[in-house]
Amino acid sequence: MSSYKISGKESLGIEFGSTRIKAVLIDENCNPVASGGHTWENRFENGYWTYHIKDMWNGLQDAYAKLNEDVYEKFGTKITALSSIGFSAMMHGYLPFDKNGNLLAEFRTWRNTTTADAAEELTELFSFNIPQRWSIAHLYQAILNKEEHVKNIAFLTTLSGYIHWKLSGEKVLGVGEASGMFPIDSEINNYNEAMLNKFSSLEKVKPFDWSINDILPKVLTAGESAGTLTEEGALLLDPSGMLKAGAVMCPPEGDAGTGMVATNSVCVKTGNVSAGTSIFSMVVLEKQLSKVYEEIDMVTTPTGRPVAMVHCNNCCTDLDYWVSMFTEFANASGSDLTKPQIYDVLYNKALEADADCGGLVNYNYFSGEPVAHLQDGRPLFARAQNSRFNLANFMRSQIYSTMATLRMGMEILEKENVKIDCLMGHGGLFKTPVVGQKLMAGAMNTLVAVMETAGEGGAWGIAVLARYCVDKMSGETLEAYLNEKVFSKYKSSAIEPSAEDVSGFAEYMKLYKSGLAVQKAAAENI
């Protein structure tokens with residue numbers, strides 16, 4: 001049993017990821033002391049990727065209960081009080097509520113590609129890229145679709161904003177998360193007023209009694225108090241009644257913002273790559289881009305700095321299915337290798353492959369991919385008759401496919417002369433040491449580093465933001481807090497791109513891009 005004593009001064013971070021809800025408890029120095037988790041899956045229902053509200057609450061309570069079990073096993077006690085709490089979740093999406101707090105439509109997640117008309121029209125109206133998954137695109141598409149529920153909307157939020165609201169009573173969002181709902185003006189760290197007015201002036205919007213200004217959450221920046229845990233909220237989190245109310249709550253954020261915090265990538269010219277169910281890069285800009293790009297989302301750090309985001313809907317899902325099949329074969333053969341061990345074997349085999357995968361190509365598209373301009377996806381593996389088909393090349397093509405679409409977006413930033421000192425990697429793709437990091441460095445042609453804290457991910461990142469909320473000294477910036485208090489004690493490993501990997505991935509990308517026509521045909525015919 002650990003000598004550390006639970007004091008009630010700890011901070012809690014909980015993140016709702018695409019496949020896992022994770023809770024991390026940290027001490028006053030931001031060191032993780034316990035964790036818990038809950039596995040869940042999205043559903044495809046009525047034409048939308050969604051999660052049920054009941055599953056959200058069951059998952060939250062289960063993750064917290066498992067955290068408490070971990071605390072009890074390590075320290076012989078359970079949590080009764082917390083200093084601060086933070087919630088994070090998948091960015092974007094659509095959760096509309098009426099004046100009585102009733103959900104008016106199914107939760108529409110970031111994964112949906114059903115808002116093309118709305119996104120295109122709003123992008124032209126604002127002269128600012130509005131991705132399909134943004135909340136305002138979902139709202140306007142619902143208007144274009146003449147959906148009955150729209151007239152009754154009193155509040156529109158995201159998943160993290162919803163959970164925070166129910167536990168604190170506060171209808172707020174962190175600026176990074178808010179920037180995935182509606183464009184942010186980084187000069188004032190609030191929604192862009194001119195764009196709000198343009199939206200309100202649309203003929204299809206005018207008939208509604210509500211105003212866009214009134215239904216969006218209030219915007220807060222990192223370090224600001226976003227309310228406290230209420231008595232009702234404490235029982236929602238911990239139905240046992242052991243947890244006391246009163247913990248300070250930091251502004252809820254999206255997984256993009258917490259990934260930036262967890263990798264110390266909030267300063268200018270820093271960036272990170274989050275690679276899990278989806279994959280996205282975040283690069284903090286020195287200046288705005290020269291023009292609007294459909295493939296680049298303009299969001300912000302948790303303090304409001306402008307960020308260029310390349311978000312791809314598909315990353316490791318297809319890879320995991322292939323590893324599951326190899327695991328099934330291993331079990332059938334009598335092997336006692338576990339799935340994590342098989343992951344490591346297959347990943348390391350990829351290092352033995354031809355740098356260009358020997359003419360093999362894989363498309364990991366389970367859903368549509370806006371960066372590749374595809375409305376729908378079909379997982380697809382292809383090869384020519386004379387390709388060098390072996391296990392090493394097969395696995396390298398699988399790993400390459402997780403980052404190929406991201407590369408297409410990053411090429412735009414290269415043309416804009418955006419400077420990146422280093423990309424920090426985190427997420428499942430980097431769990432096996434070296435492999436994902438090395439191949440990513442070659443694919444992006446830049447230094448890729450992984451911190452020893454990367455395994456804690458966004459749940460730890462939002463816990464750190466919760467800690468910053470109570471620790472913040474007068475005038476202390478988030479950048480200074482992370483550099484001096486949090487990351488000065490942690491190590492990172494960095495890998496430079498090799499010339500062979502850079503040229504090999506470039507050859508793979510030529511085949512990948514030319515084969516997108518096959519991917520499109522597959523989606524139309526299978």
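# Report on a predicted structure: strands, cores, cavities and helices

Val284 has Val307 as its bridge partner in β18. The model described here is predicted, and this pairing serves as the entry point to its interior.

## Strand β18 and its neighbours

Val284 belongs to strand β16 (residues 279-284), which is joined to β18 by six bridges in an antiparallel arrangement. Strand β17 (residues 297-300) also runs antiparallel to β18, and four bridges join the two. Within that second pairing, Met298 has Ala308 as its bridge partner in β18. β17 and β18 together make a hairpin with five residues between them. In the turn of this hairpin, Gly304 has a positive phi of about 100°.

How many of the residues of β18 (residues 306-312) are buried? Seven of its seven residues are buried, and the strand is described as mostly covered. In a regular strand the side chains alternate between the two faces of the sheet. On one side of β18 the buried residues are Pro306, Ala308, Val310 and Cys312. On the other side they are Val307, Met309 and His311, and both faces of the strand are thus covered.

## Nonpolar cores

In soluble globular proteins, nonpolar side chains tend to be buried together. The largest nonpolar core of this model has 131 residues, of which Leu139, Phe199, Met403, Met440 and Tyr512 touch the most other members. The element that gives the most to this core is α12, with 11 residues. Apart from this core lies another of 40 residues, including Val33, Ala34, Trp110 and Leu229.

Leaving aside residues up to four places away in sequence, Met440 touches Val273, Ile279, Met403, Leu406, Leu429, Phe430, Asn445 and Val448.

Asn272 is placed in strand β15. With a relative accessibility of 0%, Asn272 counts as buried. Its contacts, again not counting residues up to four places away in sequence, are Gly259, Met260, Thr263, Ser265, Phe280, Ser281, Met282, Leu423, Met424 and His426. The C-alpha atom of Asn272 is separated by 35 Å from that of Thr80, which is 192 residues apart from it along the chain.

## Cavity and pocket

A search of the whole structure finds one cavity of 30 Å³ or more. The largest cavity holds about 60 Å³ of space. Its lining is formed by Gly174, Val175, Leu220, Thr221, Ala222, Gly223, Cys250, Pro251, Glu253, Pro302 and Leu465.

The largest pocket has a volume of about 1,500 Å³. Its lining comprises 50 residues, and Thr19, Gly276, Thr277, Gly428 and Lys431 lie nearest its centre. Two or more lining residues come from each of β2 (20-26), β15 (270-275), β18, α10 (317-332), α11 (339-350), β22 (448-451) and α14 (457-471). Which of the elements gives the most to the lining of the largest pocket? That element is α11, with five residues.

## Helices α4 and α17

Helix α4 (residues 159-168) is largely enclosed by the rest of the structure, because nine of its 10 residues are buried. The buried residues of α4 are Leu159, Ser160, Gly161, Tyr162, Ile163, His164, Trp165, Leu167 and Ser168. Just after α4, Gly169 takes a positive phi of about 85°.

In helix α17 (residues 516-525), the buried residues are Leu516, Gln519, Ala522 and Ala523. These residues lie on the same side of α17, because they cover an arc of only 115° around the axis. The elements that cover them include β19 (360-363), β20 (380-383), α12 (391-415) and α16 (499-514). Turned away from this buried side is a face of α17 that carries the exposed residues Ala517, Glu524 and Asn525.

## Positive phi in lysine residues

Most residues other than glycine have a negative phi, and most peptide bonds are trans. Two lysine residues with a positive phi are listed below.

| Residue | Phi | Loop | Relative accessible area |
|---|---|---|---|
| Lys146 | near 60° | between α3 (135-144) and β8 (155-157) | 71%, exposed |
| Lys269 | about 70° | between α9 (255-262) and β15 | 27%, partly exposed |

Key:
Residues numbered from 1 in each chain as written. Predicted model: local features only at pLDDT ≥ 70, side-chain atom pairs only at ≥ 80, totals over all residues. Heavy atoms only, no water. Buried < 20%, exposed > 50% of the residue type's maximum accessible area, 1.4 Å probe, protein only. Arc of directions from axis to C-beta. Contact = heavy atoms within 4.5 Å. Core = buried A, V, L, I, M, F, W, Y, C linked by side-chain atoms within 4.5 Å. Pairing = 2+ DSSP bridges. 1 Å grid on protein atoms, 1.4 Å probe; cavity = no way out; pocket = protein on both sides within 12 Å on 5 of 7 lines; lining within 4 Å. Points joined across faces, edges and corners; volume = space filled by probe spheres on them.
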